[in-house]
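Good morning, and thank you for making time on the agenda. I should like to take you through one structure, moving from a single strand to its surroundings.

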Amino acid sequence: QVQLAESGGGLVQPGGSLRLSCAASGSIFSINTMAWFRQAPGKQRELVATITSGGSPTYADSVKGRFTISRDNAKNTVYLQMNSQKPEDTAVYYCYVEVREFRYSSWVKYWGLGTQVTVSS
């Protein structure tokens with residue numbers, strides 16, 4: 001089993017910054033893609049950013065140029081630096097990882113419990 005511990009959410013004013021962290025622990029042989037999703041009230045969960053095991057990022061158009069995803073493979077941790085935040089960034093943010101627990105096992109997807117980010121003055 002794998003556990004994901006998210007941190008860093010909170011209340012921020014428009015134009016401000018927050019940094020989210022998500023640390024994976026437990027039975028981990030390797031981690032493939034790591035990502036952040038978000039879900040605003042009344043809306044579907046949407047992809048915010050992904051990062052491959054090699055460090056290549058992709059972003060939703062709505063956050064390009066403002067958010068940066070990164071990872072520390074030694075710590076099994078993924079980060080999301082959010083700058084120039086807007087009220088429409090308000091949502092619950094979820095961490096997502098693809099984990100291989102043993103050398104020859106299949107990739108398993110895990111989700112964090114979510115952390116609330118509120119952008120408001």
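**Strand β7 and its surroundings**

Strand β7 has two faces: Phe 67, Ile 69 and Arg 71 lie on the covered one, while Thr 68, Ser 70 and Asp 72 make up the uncovered one. Please keep in mind throughout that this is a predicted model.

Let me turn to the partner of this strand. β7 pairs with β8 in the antiparallel sense, over six bridges. One residue pair illustrates the register: Phe 67 has Met 82, in β8, as its bridge partner. The two strands form a hairpin, with four residues between them. In that turn, Asn 76 has a positive phi of about 50°.

Just after the turn we come to Thr 77, which lies in strand β8. Is Thr 77 buried or exposed? With a relative accessible area of 7%, Thr 77 is buried, because the limit for that class is under 20%. Its side chain reaches back to the backbone oxygen of Lys 75, at 2.9 Å. Leaving aside residues up to four places away in sequence, Thr 77 touches Ser 70, Arg 71 and Asp 72, as well as Cys 22, Ala 23 and Met 34.

Arg 71 brings us to another neighbour, Ser 53, in the loop between β5 and β6. Ser 53 and Arg 71 are 18 residues apart in sequence, and their C-alpha atoms are 8.5 Å apart in space. Again without residues up to four places away in sequence, the contacts of Ser 53 are Ile 31, Asn 32, Arg 71 and Asn 73. Ser 53 has 40% relative accessibility and therefore counts as partly exposed, since that class lies between 20% and 50%.

I now move to the nonpolar core. Which residues touch the most other members of the largest nonpolar core? They are Trp 36, Leu 80 and Tyr 93, in a core of 27 residues. Two or more residues each come from β1 (2-7), β3 (18-26), β4 (30-39), β5 (46-51), β7 (67-72), β8 (77-82), β9 (91-100) and β11 (115-119). The largest share is that of β9, with five residues.

Leu 80 deserves a closer look. Apart from residues up to four places away in sequence, Leu 80 touches Phe 67, Thr 68 and Ile 69, together with Leu 18, Arg 19, Leu 20, Trp 36, Val 48, Ala 49 and Tyr 93. Trp 36 and Tyr 93 are thus among the contacts of Leu 80.

Finally, the charged side chains. How many salt bridges are there? The count comes to four. In one of them, Asp 89 meets Arg 38, with the closest N and O atoms 3.0 Å apart. This pair links distant parts of the chain, 51 residues apart: Asp 89 is in the loop between β8 and β9, and Arg 38 is in strand β4. Asp 89 also forms a salt bridge with Arg 66, where the closest N and O atoms are 2.8 Å apart. Here the separation is 23 residues, and Arg 66 sits in the loop between β6 (57-59) and β7. Arg 66 and Asp 89 are both buried, and Arg 38 is buried too. A network of salt bridges links Arg 38, Glu 46, Arg 66 and Asp 89.

A further salt bridge joins the side chains of Lys 64 and Asp 61, at 3.1 Å from N to O. Asp 61 has a relative accessible area of 66% and is therefore exposed, as the cut-off is over 50%.

Conventions
Residues are numbered from 1 along each chain as its sequence is written. This is a predicted model: local features need pLDDT of at least 70, side-chain atom pairs count only at pLDDT 80 or more; totals for chains, interfaces and linings use all residues. Side-chain values use heavy atoms; hydrogens and water are left out. A nonpolar core is a set of buried Ala, Val, Leu, Ile, Met, Phe, Trp, Tyr and Cys residues joined through side-chain atoms within 4.5 Å. Buried means under 20% relative accessible area, exposed over 50%, partly exposed in between (1.4 Å probe, protein chains only). Contact means heavy atoms within 4.5 Å. Two strands pair if DSSP finds at least two bridges between them. A polar contact is a pair of N or O atoms within 3.5 Å; within protein, one must be able to donate a hydrogen and the other to accept it, and residues adjacent in sequence count only if both atoms are side-chain atoms.
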